[in-house]
Amino acid sequence: MPADSHADRIVMITGAAKGIGAATALAFAREGATLVLADIDTEGLGAVLAGLPGSGHMAVRLDVTAEADWAAAMARVGATHGRLDVLVNNAGWGNLRSIFDTTPDDWRRIIAINLDSVFLGTMAAMPWLEKSGDAAVVNVSSIRARVVGFGSGPYSAAKAGVEMFSKVAAVECAQTGRRVRVNSIHPGFVDTPLSKAQGEEARAARAASVPQGRMAEPEEIAAGILFLASRAASYVNGTGLVVDGAFTAV
Ligand SMILES: NC(=O)c1ccc[n+]([C@@H]2O[C@H](COP(=O)([O-])OP(=O)(O)OC[C@H]3O[C@@H](n4cnc5c(N)ncnc54)[C@H](O)[C@@H]3O)[C@@H](O)[C@H]2O)c1
């Protein structure tokens, strides 16, 4: 089996109802993986599930900020598959408010969805990841972990936390004999339904700010996630993969 194959791998993706998560689910399924799709948007999950090639996929309603939801979802994964090979902590959300307009509730919500989620998910999944013998966690961070954009205060703080948490988890897994690699991925501007909804002018301005002259397609982020999760990345651990059309290179 080629090292980049995901045939027979059990892969769980949060925020899988649309955008990067949905594109990643399709890419894994095309490689022969069996998917566990998780989101709060059950209607969206149903649509993604219906479009996946292969069989044995499941969808679970999971609020990534809720410890009890994680426990219930992982109990289902354990009962069905007895292991988990890949966890993609992808669900995330931010607003575009200056820190001076950010309320404590905004702050807590954004930190919870983007950062608490990664800790809760990684810990809840760990017993099943350990059973894989060759597992990977990919945490979806952002270029906002590295460079500032207007209105990215709590979001940047959370995404930088995701990057550092990934490194700590990678080191602690390796040093405690757990065969679980942990990496983060840092997308630049991605052309998702959200960016399309922001209008043509805003999209064009974003595209023009990127050296490659365009936003990423969700499939281009999915490709990075599949690489980090694959056996081809067997010595890639505790690092962050930037996929941004050279945005942070200038
Ligand atoms: N789109 C971009 O330009 C971009 C750039 C860098 C990083 N990212 C990151 O990529 C990830 C995916 O972004 P996207 O653009 O595909 O977003 P999206 O809004 O298209 O999809 C996010 C999904 O997460 C789900 N979600 C939100 N809160 C949740 C919760 N509490 N529990 C479970 N699911 C929840 C939503 O229902 C949605 O299906 C996020 O972590 C985001 O921060 C996106």
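Of the 24 residues around the ligand (those with a heavy atom within 4 Å of it), I20, D39, N90, Y155 and K159 come nearest. This is a predicted model, where local features need pLDDT of at least 70 and side-chain atom pairs count only at pLDDT 80 or more, while totals for chains, interfaces and linings use all residues. Residues are numbered from 1 along each chain as its sequence is written, and side-chain values use heavy atoms, leaving out hydrogens and water.

**Ligand contacts**
- Y155 has a side-chain N or O atom 2.5 Å from an oxygen atom of the ligand.
- N90 takes part through its backbone, with an N or O atom 2.7 Å from a ligand oxygen.
- For D63, a polar side-chain atom lies 3.0 Å from a nitrogen atom of the ligand.
- On its own the ligand has 830 Å² of accessible area (Shrake-Rupley method, 1.4 Å probe), and the protein covers 88% of that.

**The shell around the ligand**
- Two or more shell residues come from each of α1 (19-30) and α5 (153-175), helices being DSSP runs of H or I with at least four residues.
- By class, the shell holds eleven nonpolar, eight polar and five charged residues, with Gly counted as polar.

**The pocket**
- Where does the ligand sit? The ligand is in the largest pocket, as more than half of its atoms lie within 2 Å of the grid points.
- The largest pocket holds about 1400 Å³ of space.
- Among the 46 lining residues, G92, W93, G94, Y155 and L194 are closest to the pocket centre.
- The lining divides into 19 nonpolar, 19 polar and eight charged residues.

Methods:
Polar contact = N/O pair within 3.5 Å; in protein donor to acceptor, adjacent residues only side chain to side chain. 1 Å grid on protein atoms, 1.4 Å probe; cavity = no way out; pocket = protein on both sides within 12 Å on 5 of 7 lines; lining within 4 Å. Points joined across faces, edges and corners; volume = space filled by probe spheres on them.
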